[in-house]
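User: Hello! I am new to this structure and would like to learn how its labels are earned. Could you walk me through them?

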Amino acid sequence: MKKAVVAIITLIAGACHNIPSWENSVEGNFDALWTILDEHYCFFGYKGLDWDEIGREYRAQITSETDARGLFDICSSMLDRLEDGHVNLSSPFAVSYYRKWWSDYPQNFDWRLIQEHYLEFDYTTGGGLSYKELPEGVGYVRYDSFAYSMGESFLDAMFLNLKECPGLILDVRDNGGGDVTRVEQLVSRFLDHRIEAGAICHKTGPGHDEFSEPYKFYYDPQMQHVRWLRKVVVLTNRSTFSAANQFVAIMKTLPNVIVVGDCTGGGDGMPFSSSLPCGWGVRFSASPVYDPMGQLTEWGVEPTEGCRVDMDPEAAFNGKDTILDFAIALLVKDKEKDSALN
Amino acid sequence: MIRRFVVLFIAVVATIVPMFADDPEIMRPVYSAYMFEAGSSHLAETYLSPLHYDGWTIALAHRRAQAMRFNPLHWHMELGGRVSLDRTLARPARNVVEWRAELELDWSMMHKWRLEKGLKLYAGGFTRADAGVFYLARNGNNPVAAKASWTIGPKVGASYDGRLGRVPVALRYFAEMPLTGIFFSPAYGELYYEIYLGNRRGLVRGAWPGNYFRLDNTLTADFRFGATILRVGYAPRVFSSKTSDIVTRTVSHSFIFGVAQEWTAIGGTKPDTRVQNIISAY
């Protein structure tokens with residue numbers, strides 16, 4: 001009987017698969033964070049990072065005096081080495097952000113300026129979208145964030161209200177991303193046929209190079225709704241990030257689309273979250289998404305050749321957005337060319 | 001060839017159908033129990049977090065058992081449904097909540113051996129389908145780990161019919177462990193968004209005790225007060241799966257409180273005088 005009980009206990013204990021655990025100490029939490037990133041972060045190879053070396057460097061900064069705040073600062077500095085806007089460490093007293101993907105560059109966007117000098121505070125807004133037909137006869141649409149839902153009816157009404165415009169400016173500057181399913185919703189309004197929109201892969205194990213084969217995904221045109229098949233100029237800046245970055249990467253491959261402004265901010269990895277023993281949360285890039293050309297856009301999407309434009313601070317002082325002006329001029333020139341041909 | 005197959009099929013059906021035909025002299029009442037369970041829960045789901053979570057679990061369950069038609073004295077079947085909810089806090093920080101919900105349906109058939117002094121032993125097999133979810137609200141892009149499985153395996157048990165004073169008491173113990181089946185799991189770092197995009201390769205995994213271990217134990221005591229039966233019990237359950245380096249573990253200890261009844265449906269307006277024998281499931 002005793003042997004049977006021991007055998008059953010052994011069977012149950014053996015069947016419980018091992019889960020690594022760390023002590024809830026300064027060192028334990030550091031090691032947990034390092035290991036979670038080591039096993040799940042997806043851009044070590046792409047960015048050429050030696051995570052072992054980085055871990056050693058920052059672990060050496062832990063002393064017997066290191067408290068929770070000190071640990072947070074050491075961990076945040078270590079995470080900054082990933083140069084990834086999708087990486088955050090969340091504690092009860094602070095959340096770490098890597099900001100250099102936008103802070104090292106000109107902002108190239110001033111919404112107040114556009115509202116005051118181009119839209120004259122008179123425009124239609126709803127679901128994160130704001131739009132108006134500009135005096136030059138081109139449509140202007142701003143989309144704040146892919147976190148805001150867009151109603152299909154609102155999109156229909158917007159495109160119908162701009163139907164006299166030969167071209168559309170779609171401003172996604174300062175759009176920090178949000179829900180990637182809305183990228184498909186919006187892109188599908190500009191399609192006349194099915195397109196390969198990109199590919200996604202995932203880690204298949206803890207090794208830095210363990211990835212699945214990229215899985216291609218496709219977008220179809222929204223045949224039941226109003227679509228825009230005329231010229232589109234997409235405006236970008238360094239704060240165009242994550243889902244907005246993916247939106248630009250796909251739009252750029254469409255024949256009637258020109259991307260104007262600055263390189264986007266990147267943010268190409270789909271984020272994943274996990275937890276440390278002390279209860280802090282960590283978010284990081286886990287699944288790389290390839291653009292339709294099969295390229296990673298973690299470092300951003302460049303504007304169309306010849307369309308890299310910065311905002312001129314002096315012109316901005318006088319109420320001029322030189323990126324928006326460049327886009328208007330492109331569409332007006334096209335409009336005049338079309339008129340001449342007709 | 002087809003003719004031979006048809007003849008064989010008819011022969012098999014002709015053999016099996018009488019086994020399931022009702023014997024008018026035997027009545028097989030249904031032993032039906034409704035239960036509430038409450039206890040402690042330990043969860044770990046490394047797709048969401050490497051931490052362990054402790055908290056409580058509650059469940060509502062229904063079980064019905066009936067002797068089989070083909071050999072009511074020695075075989076019975078059970079049909080069960082159970083819905084459970086767990087709320088747990090991360091260990092040791094206890095500042096993150098993880099929820100788990102699960103719906104299970106199972107069917108089992110067991111042979112019964114009647115030993116001396118009210119002791120019976122049971123052995124047979126079961127099949128179970130379940131679907132559930134782990135939910136960690138704090139995880140923005142991966143808050144959910146969905147679970148689903150269909151498994152089969154052996155089920156064994158023992159019961160003892162005795163008395164506590166003047167009250168008839170039935171003590172029963174059953175254990176079941178799936179040996180094979182299929183279960184759902186994304187790959188190591190696969191987001192549900194990728195599945196939404198259409199990549200459904202490799203989501204269904206084969207189960208065996210090495211990658212999918214589950215042991216459900218149920219110990220109950222049924223106190224019969226006339227037509228009503230009061231049930232109390234204890235159910236320790238262990239589950240651990242590992243696939244694509246994702247480990248899922250649930251360990252729970254629940255106390256059971258329930259009521260049961262043994263009933264039979266009598267058709268027509270007159271009692272069936274042919275009934276000679278009433279055979280209970282247990």
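User: Where is B:Pro92 placed in chain B?

Analyst: Welcome! Keep in mind that this is a predicted model. B:Pro92 sits in the loop between β4 (75–91) and β5 (97–114) of chain B. The peptide bond that joins B:Arg91 and B:Pro92 is cis, with omega about 0 degrees.

User: Why is A:Glu120 called exposed?

Analyst: Let us set the count against the cut-off. A:Glu120 has 10 other C-beta atoms within 10 Å. A residue is exposed if that count is 12 or fewer, so A:Glu120 earns the label exposed. Its place is in the loop between α7 (111–117) and β2 (124–126) of chain A.

User: And what makes A:Glu83 partly exposed?

Analyst: The neighbour count of A:Glu83 is 16 other C-beta atoms within 10 Å. Exposed needs 12 or fewer and buried needs 20 or more. A count of 16 falls in between, so A:Glu83 is partly exposed. This residue is found in the loop between α5 (68–80) and β1 (88–90) of chain A.

User: What is the phi of A:Glu83?

Analyst: A:Glu83 has a positive phi of about 50 degrees, although it is not a glycine. For A:Glu120, phi is also positive, at about 50 degrees, and that residue is not a glycine either.

User: How many of the residues of chain A count as buried?

Analyst: Chain A has 342 residues, and 42% of them count as buried. To count here, a residue needs 20 or more other C-beta atoms within 10 Å of its own.

User: What else can you tell me about chain A as a whole?

Analyst: Chain A holds 12 helices and 11 strands. Its C-alpha trace spans about 95 × 45 × 35 Å along the principal axes. Among contacts in chain A with a separation of 6 or more, 71% come from residues 24 or more positions apart.

User: How many residues does each chain bring to the contact?

Analyst: Chain B brings 35 residues and chain A brings 32 residues. On the chain B side, α2 (192–196), β11 (212–225), β12 (228–243) and β13 (246–263) each supply at least two residues. The most comes from β12(B), with three residues.

User: What classes of residue make up the side of chain B that touches chain A?

Analyst: That side has 17 nonpolar, 12 polar and six charged residues. Glycine goes with the polar group in this sorting.

Notes:
Residues are numbered from 1 along each chain as its sequence is written. Chains are lettered from A and ligands numbered from 1 in the order in which they are written. This is a predicted model: local features need pLDDT of at least 70, side-chain atom pairs count only at pLDDT 80 or more; totals for chains, interfaces and linings use all residues. Two residues are in contact if their C-beta atoms, placed from the backbone, lie within 7 Å. Helices (H or I, at least four residues) and strands (E, at least two) are DSSP runs, numbered from the N terminus.
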